[in-house]
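Visitor: I am new to this structure and would like a close look at a single part of it. Could you take me through one strand and its surroundings, step by step?

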Amino acid sequence: AVAALLATALAVGLAAAQPFQFAAIGDTGYSKKSEEEFSRMVAAMNREQLAFVVHVGDFEADPRPYMRSPKTITEPCTDESFKGVLAQFQQSAHPFILTPGDNDWADCHLLKTRKVDPLERLAKVRELFYPAGVTLGKRTMPVTSQASDPKFAKFRENLAWTMNNVSFMTMHIVGSNNNRGRTPEMDAEADERMTANIAWLRKVFADAKARNSAGLVLITQANPGFETQWTPSLIGRYFRLFPGVNPPKKLPPSGFDDILAAVADEMASYDKPSLFIHGDTHIFHVSKPLVNRKIGRFVDHFTRLEVFGDPDSHWVRVMVDPKDPGLFTIRPEIIPQNRGR
């Protein structure tokens, strides 16, 4: 019996030490041309040995471009559009995980061709894209949903999973100021969702610490604006790149302030490599944006990855090696047929 237990422990340890790769994408399907590019991107990822694919939301354009050019863009915010996107997602040979974006429901009030209730669209996104206990894709993978907690039963889109002793989680945080500042009803939605997000964040950090995870990956749609929390000296250094532009002395409250504070708070007591993946502003880059305000320096084991976004239909390969002290290696993957001409 002891020998069997030792063999099992050895097998688990070896599995935990194995490197793996996953893909990160987002801000796709903004036009019929972009939909074709997305299909090529899925085909390219299908040819790779990937553990899974994460999509950071905005799987369609918001209604404004459609209103300007209906012939070149699929009408967003409809059941037909959602089902078409889902069919594309299901072509993934790998497990496929989505966290929603503002285009996918919050901005649907902008559609003029029909009356759309953003909250009804949010319910539809949850219904279509979040099967209980598993991912999308031809090959599925088990995931844990926050909806398993009766206090947060509606938040089936907040997911967590572990791969080779690395913890992953999604949080439903969207652009358009996280759906704040438009109507009292939307503010109430944002308040409820942020309460759920922060509870989920704290639980996933606690679980990662308890299981001694090699690291943690946080995935969300919105660019939360880490730079808004920088010290005045860091902001001044950044704005030197823009002659004649003076940074504001004080920023107004943001729909992301609470989550930025919660991430900073959790990272203060977490010393493992952590990766924050988002989309929203459509500019691929990798940086160290989280500031430890006690010492005024960047947190060196916290990395931010922003994925490509429309009109750039490319994907990002994230290589994860538990034997590497930095854990994550990030490489953009350019699809030649999707290059701008």
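Guide: Two strands are said to pair if DSSP finds at least two bridges between them, and with that in mind we can turn to strand 12 of this predicted model. In strand 12, T303 is the bridge partner of L275, and E306 is the bridge partner of H278. Altogether, five bridges join strand 12 to strand 8, which covers residues 274-278, and the two strands run parallel. Strand 9, made up of residues 285-287, is joined to strand 12 by three bridges, and here the two run antiparallel. E306 appears in this pairing as well, since H285 stands opposite E306.

Strand 12 itself spans residues 302-306, and five of its five residues are buried. In a regular strand the side chains alternate between the two faces of the sheet. In strand 12, F302, R304 and E306 lie on one side while T303 and L305 lie on the other, and all of them are buried, so that both faces are covered.

Stepping back from strand 12, we find an open sheet of seven strands with mixed pairing, in the order 4-5-6-7-8-12-9. Strand 4 and strand 9 stand at its edges, and because each has a single partner strand, one side of each is left without a neighbour in the sheet. Helix 7 packs on this sheet, touching strand 4, strand 5, strand 6 (166-170) and strand 7 (215-219), and the direction of the helix makes about 175° with that of strand 6.

Helix 7 runs over residues 184-210, and at 1.5 Å a residue its 27 residues should span 39 Å, which agrees with the 39 Å between its end C-alpha atoms. After the helix comes N212, whose phi is positive, near 55°.

One further residue ties the loop after strand 4 to helix 7, and that residue is Q146, which sits in the loop between strand 4 (144-145) and strand 5 (159-163). Q146 has a relative accessible area of 2%, and because buried means under 20%, Q146 counts as buried. A polar atom of the Q146 side chain lies 2.8 Å from the backbone oxygen of A196. Leaving aside residues up to four places away in sequence, Q146 touches F152, F155, N158, A196, A199 and W200.

Definitions and conventions. Residues numbered from 1 in each chain as written. Predicted model: local features only at pLDDT ≥ 70, side-chain atom pairs only at ≥ 80, totals over all residues. Heavy atoms only, no water. Buried < 20%, exposed > 50% of the residue type's maximum accessible area, 1.4 Å probe, protein only. Helix = DSSP H or I, 4+ residues; strand = E, 2+ residues; numbered from the N terminus. Polar contact = N/O pair within 3.5 Å; in protein donor to acceptor, adjacent residues only side chain to side chain. Contact = heavy atoms within 4.5 Å. Expected span 1.5 Å × (residues − 1). Axes fitted to C-alpha atoms, helices over the stretch in contact; angles between N-to-C directions.
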